[in-house]
Amino acid sequence: MFRARLLAAALVVAPLLSGCVGDEPTIAVLVADGADSSSRAVDVDRLTDRVESTCDECRVRVYDAEGDATTQKSQARQAEADSAEVVVVVPVDPDDLATLTGGDLPVISMGEPVPGSDRFVGLESGSLPRQTGSDVEAARDIVRGEEKTMTYVPTGAMSDRAADLAVAYLADEPVEGGEDVDGVESWLYSDRDVTVDTLTSVLVAEGILTLDDLCHGDTRQQCARLGLR
């Protein structure tokens, strides 16, 4: 048995987790397609950092289905064979993962709810808006005048939440603040439309990007004209 080192954070509304049990407990993260920048349900690096900052001996093992539902089903079986103690899944096809749920392995679904999952992290709107490229690229398109708006999805906050829920399972601790959605304990977040007038108050203020990210190269002059500084 070991004691998890826990850091207080604004996103954690429950009492701090008290500990994890086991030798290097493993959290399996099943990703629909890690190369698809328009898939915005999870930031794997941020989730991993969050787990490691709150649980000294926890490990995160990532399985990338590369957009193939059959591959993800196989990876779900592999995660169990690899002795994962919690699964976080961004599904390729939610209805195709029935074999993953219903057993003793806790399942946290993200983006789209997997039937039978224990907990869900997603959007109040129910579906993840897709965009071409990253948030930085989309924001620079607005500065150039090529797009009028983009939709900001709080992927970082959602990833932190999924990490906290996974560590809570390992520590056998409750997490408060969820709501019942179709019988599943859920944490829902709001996406927001961002325009040229709210680029800095939303994206920069929340640390999604910096002014240097937004205003360099071919967008430097446009930023100056727009008063972005």
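## Working through a predicted fold

**Exercise 1. Which residues of helix α1 are buried, and where do they sit around the helix?**

Start with burial: in helix α1 (residues 44–54), the buried residues are L47, T48, R50, V51 and T54. Now look down the axis of α1: these buried residues fall within an arc of 160 degrees, so they line one face of the helix. Keep in mind that this is a predicted model.

Next, ask what lies over them. The cover on the buried residues of α1 includes β1 (26–31), β2 (59–64), β3 (86–89) and α4 (155–171).

Finish at the N-terminal end of α1, which D43 caps. Here a side-chain oxygen of D43 is 3.2 Å from the backbone nitrogen of D45.

**Exercise 2. Lay out the sheet: what is the strand order, and which strands stand at the edges?**

Step one is the order. Going across, you get β2-β1-β3-β4-β5-β8-β7, an open sheet of 7 strands with mixed pairing. Step two is the edges: β2 and β7 (179–181) each have a single partner strand, so one side of each has no neighbour in the sheet. Step three is the twist, which averages 25 degrees from one strand to the next.

Now zoom in on one pair. β3 and β4 run parallel and are joined by 3 bridges. Take V88 as a way in: its bridge partner in β4 is I108.

Then add the helices. α1 packs on the sheet, where it touches β1, β2 and β3, and its direction makes about 160 degrees with that of β2. α4 packs on the sheet too, touching β1, β3, β4, β5 and β8; the angle between the directions of α4 and β5 is about 175 degrees.

**Exercise 3. Find the largest nonpolar core: which residues touch the most other members, and which element gives the most?**

First, the hubs. The largest nonpolar core has 30 residues, and I27, L47, V88, M110 and V121 touch the most other members. Second, the contributors: β1, α1, β3, β4 (107–110), β5, α4 and β8 (184–189) each give two or more residues. α4 gives the most, with 9 residues.

Third, pick one hub and list its neighbours. Leaving out residues up to four places away in sequence, V121 touches I108, S109, M110, G111, M158, R161, A162, L165, W187 and Y189.

Last, check for anything separate. Another core, of 15 residues, lies apart from this one, and its members include A138, A139, I142 and L209.

**Exercise 4. Y63 and Q131: buried or exposed, and what does each one contact?**

Take Y63 first. Y63 is in strand β2, and its relative accessible area is 10%. The cut-off for buried is under 20%, so Y63 counts as buried. Setting aside residues up to four places away in sequence, Y63 touches A28, V29, L30, V31, Q75, Q78, A79 and D82. For a distance along the way, try A32: the C-alpha atoms of Y63 and A32 are 8.7 Å apart, with these positions 31 residues apart along the chain numbering.

Now Q131. You'll find Q131 in the loop between β5 (119–123) and α3 (135–144). Its relative accessible area is 14%, and Q131 is buried as well. Its side chain reaches two backbone oxygens: that of G133 at 3.3 Å and that of S134 at 3.3 Å.

Methods:
Residues are numbered from 1 along each chain as its sequence is written. This is a predicted model: local features need pLDDT of at least 70, side-chain atom pairs count only at pLDDT 80 or more; totals for chains, interfaces and linings use all residues. Side-chain values use heavy atoms; hydrogens and water are left out. Buried means under 20% relative accessible area, exposed over 50%, partly exposed in between (1.4 Å probe, protein chains only). Helices (H or I, at least four residues) and strands (E, at least two) are DSSP runs, numbered from the N terminus. The arc is that of the directions from the helix axis to the C-beta atoms. Contact means heavy atoms within 4.5 Å. A polar contact is a pair of N or O atoms within 3.5 Å; within protein, one must be able to donate a hydrogen and the other to accept it, and residues adjacent in sequence count only if both atoms are side-chain atoms. A nonpolar core is a set of buried Ala, Val, Leu, Ile, Met, Phe, Trp, Tyr and Cys residues joined through side-chain atoms within 4.5 Å. Two strands pair if DSSP finds at least two bridges between them. Axes are lines fitted to C-alpha atoms, for helices over the stretch in contact, and angles run from 0 to 180 degrees between N-to-C directions.
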